[in-house]
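Open the model in your viewer and keep the selection panel at hand. We will go from helix to helix and finish at a pocket.

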Amino acid sequence: MSTLRQPYYTLSPEAFAGLRQTKAALENSPLGAELIELVYLRISQINGCSYCLEMHSKALRQREVPQPKLDALAGWQASSRFSERERVALQWAESLTALPDRQAADQDYQPLLAHFSAREISDLTFAVALMNAFNRLAVGMRQ
């Protein structure tokens with residue numbers, strides 16, 4: 001385990017508070033906490049953020065998401081454990097997390113329209129952006 005490089009949450013309290021405020025706003029999203037946590041966990045897998053992996057795995061287990069579903073998340077494309085709505089959200093999350101390679105392609109965006117309202121798409125996009133920001137802070141500062 002490495003040592004925290006900088007206590008970013010105390011050195012930049014206003015900036016950190018803004019991220020926390022966004023997280024709190026998303027807790028009231030019509031997307032639902034389980035879907036948001038699932039997206040957070042998948043993004044954290046991609047970004048290799050061990051702190052966030054533990055936190056979001058624990059949150060999903062507390063919501064009684066079955067362990068086999070959590071185990072299958074890294075390979076969700078080949079798993080039957082995910083609903084079409086979850087698949088579309090996970091595809092969008094991966095597309096935005098891998099922007100240099102994926103460019104938020106229309107083929108990743110268009111399916112959202114069949115499963116989510118405009119507000120939900122906006123909230124989902126904020127959730128993806130937020131988790132990528134948290135992952136970069138935690139990984140970059142060795143949390």
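## A tour of the helix packing

Begin by selecting helix 3, residues 33-47, together with helix 10, residues 118-140: the axes of helix 3 and helix 10 come within 9 Å and cross at roughly 40°. That angle makes helix 3 oblique to helix 10. Please bear in mind that this is a predicted model. Turn the view to look across the pair, and you can follow a right-handed crossing of helix 3 and helix 10.

Now show the side chains where the two helices meet. From helix 3, pick Ile36, Val39, Tyr40, Ile43, Ser44 and Asn47. Their counterparts in helix 10 are Leu124, Ala127, Val128, Leu130, Met131, Asn132, Asn135, Arg136 and Val139. Colour this contact of helix 3 with helix 10 by class and you get 10 nonpolar, 4 polar and 1 charged residues.

**Next stop: helix 3 with helix 4**

Keep helix 3 and add helix 4, residues 50-62. How do these two run relative to each other, parallel or antiparallel? The axes of helix 3 and helix 4 come within 9 Å and cross at roughly 155°, and the two helices are therefore roughly antiparallel. Here helix 3 passes helix 4 in a left-handed crossing.

For the contact, select Glu34, Glu37, Leu38, Tyr40, Leu41, Ser44 and Gln45 on helix 3. On helix 4, select Cys52, Leu53, His56, Ser57, Ala59 and Leu60. By class, the contact of helix 3 with helix 4 has 7 nonpolar, 4 polar and 2 charged residues. While you are here, look at Tyr40 and Ser44, which belong to the contact with helix 4 and also to the contact with helix 10.

**Then: helix 2 with helix 10**

Hide helix 3 and bring up helix 2, residues 13-26. Helix 2 packs with helix 10 at an angle of about 140°, with their axes 10 Å apart, and helix 2 passes helix 10 in a left-handed crossing. The helix 2 side of the contact is Phe16, Leu19, Arg20, Thr22, Lys23 and Leu26. Facing them from helix 10 are Asp123, Phe126, Ala127, Leu130, Ala133, Phe134 and Leu137. The contact of helix 2 with helix 10 has 9 nonpolar, 1 polar and 3 charged residues.

**Last stop: the largest pocket**

Finally, display the largest pocket, with a volume of about 280 Å³. Of the 14 lining residues, select the closest to the centre: Phe16, Arg20, Tyr51, Met55 and Phe134. Helix 1 (8-11), helix 2, helix 4 and helix 10 each give two or more residues to the lining. Which helix gives the largest share? Helix 4 does, with 4 residues. Colour the lining by class to see 10 nonpolar, 2 polar and 2 charged residues. Phe16, Arg20 and Phe134 should look familiar, as they also take part in the contact of helix 2 with helix 10.

Note on methods: Residues are numbered from 1 along each chain as its sequence is written. This is a predicted model: local features need pLDDT of at least 70, side-chain atom pairs count only at pLDDT 80 or more; totals for chains, interfaces and linings use all residues. Side-chain values use heavy atoms; hydrogens and water are left out. On a 1 Å grid over the protein atoms alone, a cavity is a set of points where a 1.4 Å probe fits but cannot get out, and a pocket is an open set with protein on both sides within 12 Å along at least five of seven lines; lining residues have an atom within 4 Å of a point. Grid points are joined across faces, edges and corners, and a volume is the space filled by probe spheres set on the points. Ala, Val, Leu, Ile, Met, Phe, Trp, Tyr, Cys and Pro count as nonpolar, Asp, Glu, Lys and Arg as charged, and the others, Gly among them, as polar. Axes are lines fitted to C-alpha atoms, for helices over the stretch in contact, and angles run from 0 to 180 degrees between N-to-C directions. Angles under 35 degrees count as roughly parallel, over 145 as roughly antiparallel, 65 to 115 as roughly perpendicular and the rest as oblique. A crossing is left-handed if the near helix is turned anticlockwise from the far one by less than a right angle, and right-handed if clockwise. Contact means heavy atoms within 4.5 Å.
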